Amino acid sequence: MKHLSILCTVILISTMSYAQFQVSVSTGYAIGSAGMKLGEETNVNGTKNSYGSYGEGANVQIRGTYFFNKSFGADLAFGYLNGSDQTVSKITVPNTDIEAIARARAFGASASMVYRFNNNIYGRFGALIKAGGKTEAVVYNKTTFTQEQADANSLPFGSYTETNYIEDYHGQFPLGFVAALGYKYDLNETFSLFVEGEYYGISLKRKDSEISEFNTNIILPHGTVAVSGLYTIDNLPAGYSKKTTYVDDLPSSNTDTSKKLAQKVPYSSFGINFGITYKFKFSDKNNL
């Protein structure tokens, strides 16, 4: 017991003598990895799939890292992803023009272990969660009236409806992993610059969605608005629900448009980050 106490004391003193805390701020850009099907693009010649990941886009991060010794440390990070537009649906056929894109606006957090191979090269690996935010879908739909429809509504031929709406998607609590390999350059004993390659492996199962904006106008062939606000967020057309819940099972007789089958969407990505680190020294024995 005495020997164990002495060993623990030695380890504690050694850890304290090498302890170092640092704070880093970075920004970067990631591209989608292992892209999954997000939608389809259709024109008069045919249909093709659209692939991607909602993890693509620009990000900012702030992280705190505590090193126990010269090699090993623990890292806690928080970040924000400003996702790039991903095509969900694009239809260009006679009388119909639809374009729907979606993009992530997400907050995330990670906890990792850090290993320094030498004074310049390091790696980290840990767990990743999506802490908040949404996937925002922006939809444009232009539908031209047929001659019969135009006549029935006393409109000149070539008139059309133009619909714009935004739908926000939220997901269940996800758990993924993060891995990075980086290189740092010391400017002095306090500040250093770094560049790193970072991989996120995570997907999100949808929980619900809500239409936040909706408007449909009737427009004449020369562009004049004939009817403004034919449909609005408070007066949605048939087939639309302000809030939708995603479930794993639906009966074959279901006619409730507010319920849809759940699906997983990808957020995995590989990116490059650039940043600056500030190191706090806890003792004169630090030489890290």
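Q: Where is Asn 119 found in this predicted model, and why is Asn 119 called partly exposed?
A: Asn 119 sits in the loop between S7 and S8. Its relative accessible area is 39%. Buried requires a value under 20% and exposed a value over 50%, with partly exposed in between; at 39%, Asn 119 is therefore partly exposed.

Q: How far apart are Asn 119 and Gln 61 in sequence and in space?
A: Asn 119 and Gln 61 are separated by 58 residues in sequence, and their C-alpha atoms lie 22 Å apart.

Q: What makes the phi of Asn 95 worth noting, and where is the place of Asn 95?
A: Asn 95 has a positive phi of about 75°, although this residue is not a glycine. Asn 95 belongs to the loop between strand S6 (86-93) and S7.

Q: Why does Asn 95 count as partly exposed?
A: The relative accessibility of Asn 95 is 44%. Because partly exposed lies between the limits of 20% and 50%, the value of 44% places Asn 95 in that class.

Q: What is the phi of Ser 154, and is Ser 154 buried or exposed?
A: Ser 154, a residue other than glycine, has a positive phi near 55°. The loop that holds Ser 154 runs between helix H2 (147-152) and strand S9 (160-171). With a relative accessible area of 68%, set against the requirement of over 50%, Ser 154 is therefore exposed.

Q: Why is Thr 244 called buried?
A: Thr 244 has a relative accessibility of 3%. The class of buried residues takes values under 20%, so Thr 244 qualifies. Thr 244 lies in strand S14 (residues 243-247). Not counting residues up to four places away in sequence, Thr 244 touches Glu 167, Lys 207, Asp 208, Ser 209, Thr 257, Ser 258, Lys 259 and Lys 260.

Q: Why is Gln 263 called partly exposed, and which residues is Gln 263 in contact with?
A: Gln 263 has a relative accessible area of 40%; since partly exposed falls between 20% and 50%, Gln 263 is assigned to that class. Gln 263 occupies the loop between strand S15 (259-261) and strand S16 (264-266). Leaving aside neighbours within four places in sequence, Gln 263 is in contact with Leu 204, Lys 205 and Arg 206. Gln 263 and Val 44, 219 residues apart in sequence, are 29 Å apart from C-alpha to C-alpha.

Q: Which residues touch the most other members of the largest nonpolar core?
A: In this core of 14 residues, Tyr 54, Ala 104, Val 265 and Tyr 267 touch the most other members. Strand S7 (96-116) and strand S8 (121-144) each supply at least two residues of the core. Beyond neighbours within four places in sequence, the contacts of Ala 104 include Tyr 54, Leu 81, Lys 134 and Tyr 267.

Q: How does the radius of gyration of the chain stand against that of a compact globule?
A: The chain has 27 Å, whereas a compact globule of 288 residues would have a radius of gyration near 19 Å. Along the principal axes, the C-alpha atoms fill a box of roughly 95 × 45 × 35 Å.

Q: What does the secondary structure of the chain come to, and what share of contacts joins residues at least 24 apart?
A: The chain has two helices and 17 strands. Of contacts between residues at least 6 apart in sequence, 69% join residues at least 24 apart. Buried residues make up 37% of the 288 residues.

Methods:
Residues numbered from 1 in each chain as written. Predicted model: local features only at pLDDT ≥ 70, side-chain atom pairs only at ≥ 80, totals over all residues. Heavy atoms only, no water. Helix = DSSP H or I, 4+ residues; strand = E, 2+ residues; numbered from the N terminus. Buried < 20%, exposed > 50% of the residue type's maximum accessible area, 1.4 Å probe, protein only. Contact = heavy atoms within 4.5 Å. Rg over C-alpha atoms; globule rule 2.2 N^0.38 Å. Core = buried A, V, L, I, M, F, W, Y, C linked by side-chain atoms within 4.5 Å.
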